[in-house]
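Visitor: I've got a few minutes before my next spin. Can you walk me through this one?

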Amino acid sequence: MIPDRLFLVGFLGAPKLEVGRALSQRLGRPLFDIEDVVEAGAKMSTQEIYKKEGENGYKQRERRALVSICTGPPSIAVTSANTFVDRGNRRTMTLAGVSVTLDSSLEECLANAYELGLLRADDENNERFQNLYDARRPEYLKADVVVETLNQDPETLADEIVRRLEDRVWTESL
């Protein structure tokens, strides 16, 4: 039996949304992207929230969005790169479901972030990106389940996550 809520976590550029879609389809559960939930609640984009309310304003909205996901129906939630790093958010996720880190290499994250246009123009040598990756990766590894993503498509990763969760839940129910 798969837990009611799965929280996909990982660094910027990890294939969280793609794997979330595959899991949502496979498990027949709704998919929530926490950034979309924040934006819908604020009726403005993430960029507008940061501009008007700053990082603290965004984080408060993110916490409320996380709680709404946690109190809703069984689901798959895709978190932002910052969500799991916050201890309070991590605790909320632990109480409501299972966290799954999509552990992507720095190179994979960088390539995906570049492709999506998410790299900062002022980070010419990607030094800031690498420093953030190095600082946050130990936090991501605190997730309940850690799955390496290198050279695996979203469907294969979704299958691996389901298998690991079924094995884990079965073992814990003995």
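Guide: Sure, and one term before we start: contact means heavy atoms within 4.5 Å. Keep in mind too that this is a predicted model.

Visitor: Then by that cut-off, which residues in H6 do Leu106, Cys109, Leu110 and Ala113 in H5 meet?
Guide: The H5 side of this pairing is made up of Leu106, Cys109, Leu110 and Ala113. Sorted by class, the residues of the H5 and H6 contact come out as six nonpolar, one polar and no charged. Across from H5, the H6 partners are Phe129, Gln130 and Tyr133.

Visitor: And are H5 and H6 parallel or oblique to each other?
Guide: Their axes are 11 Å apart, and the helices pack at an angle of about 130 degrees. Roughly antiparallel would take an angle over 145 degrees, and roughly perpendicular runs from 65 to 115. That angle makes H5 oblique to H6.

Visitor: What is the handedness of the H5 and H6 crossing, then?
Guide: Here the sense of the turn between the helices matters, clockwise or anticlockwise. For H5 and H6, the crossing is right-handed.

Visitor: Let's go inside. Which helix gives the largest share of the largest nonpolar core?
Guide: That core has 25 residues, and those with the most contacts inside it include Phe7, Phe84 and Phe129. Strand S1 and helices H2, H3, H4, H5 and H6 are the elements that each give two or more residues to it. The largest share is six residues, and it comes from H3.

Visitor: How many residues are in the other core that lies apart from it?
Guide: A second core sits apart from the largest one. Among its residues are Ile76, Val98, Ala158 and Ile161. The count for this other core is 19 residues.

Visitor: Back to Leu66: is it buried or exposed?
Guide: Leu66 is found in helix H3, and is one of the residues with the most contacts inside the largest core. Leaving aside neighbours within four places in sequence, Leu66 is in contact with Phe7, Ile34, Thr83, Asn89, Thr92 and Met93. Its relative accessibility is 1%, so Leu66 counts as buried.

Visitor: How far apart in space are Leu66 and Asn89, C-alpha to C-alpha?
Guide: Asn89 is one of the contacts of Leu66. In sequence, Leu66 and Asn89 are 23 residues apart. C-alpha to C-alpha, the separation is 7.5 Å.

Visitor: Are H3 and H4 roughly parallel or roughly perpendicular to each other?
Guide: The H3 residues Glu62, Arg63, Leu66, Val67 and Cys70 meet Asn89, Thr92, Met93 and Ala96 in H4. By class, that contact has five nonpolar, two polar and two charged residues. The axes are 10 Å apart, with a packing angle of about 5 degrees. H3 and H4 are therefore roughly parallel.

Visitor: How about H2 and H3: roughly parallel or roughly perpendicular?
Guide: Residues that meet here include Val38 and Ala42 in H2, and Ile49 and Tyr58 in H3. The contact has nine nonpolar, three polar and four charged residues. The axes come within 8 Å and cross at roughly 110 degrees. H2 and H3 are therefore roughly perpendicular.

Visitor: Is Lys43 buried or exposed?
Guide: Lys43 is found in the loop between H2 and H3. Lys43 has a positive phi of about 60 degrees although it is not a glycine. With a relative accessible area of 75%, Lys43 is exposed.

Visitor: Where is Asn151, which also has a positive phi of about 60 degrees?
Guide: Asn151 is not a glycine either. At 76% relative accessibility, Asn151 counts as exposed. Its place is the loop between strand S5 and helix H7.

Visitor: Last one, an acidic residue. Is Asp103 buried or exposed?
Guide: Asp103 is found in strand S4. Not counting residues up to four places away in sequence, Asp103 touches Arg137, Leu141, Val146, Val147, Glu148 and Thr149. The cut-off for buried is under 20% relative accessible area. At 13%, Asp103 therefore counts as buried.

How values were computed. Residues numbered from 1 in each chain as written. Predicted model: local features only at pLDDT ≥ 70, side-chain atom pairs only at ≥ 80, totals over all residues. Heavy atoms only, no water. Core = buried A, V, L, I, M, F, W, Y, C linked by side-chain atoms within 4.5 Å. Buried < 20%, exposed > 50% of the residue type's maximum accessible area, 1.4 Å probe, protein only. Helix = DSSP H or I, 4+ residues; strand = E, 2+ residues; numbered from the N terminus. Axes fitted to C-alpha atoms, helices over the stretch in contact; angles between N-to-C directions. Parallel < 35°, antiparallel > 145°, perpendicular 65-115°, else oblique. Nonpolar A, V, L, I, M, F, W, Y, C, P; charged D, E, K, R; others polar.
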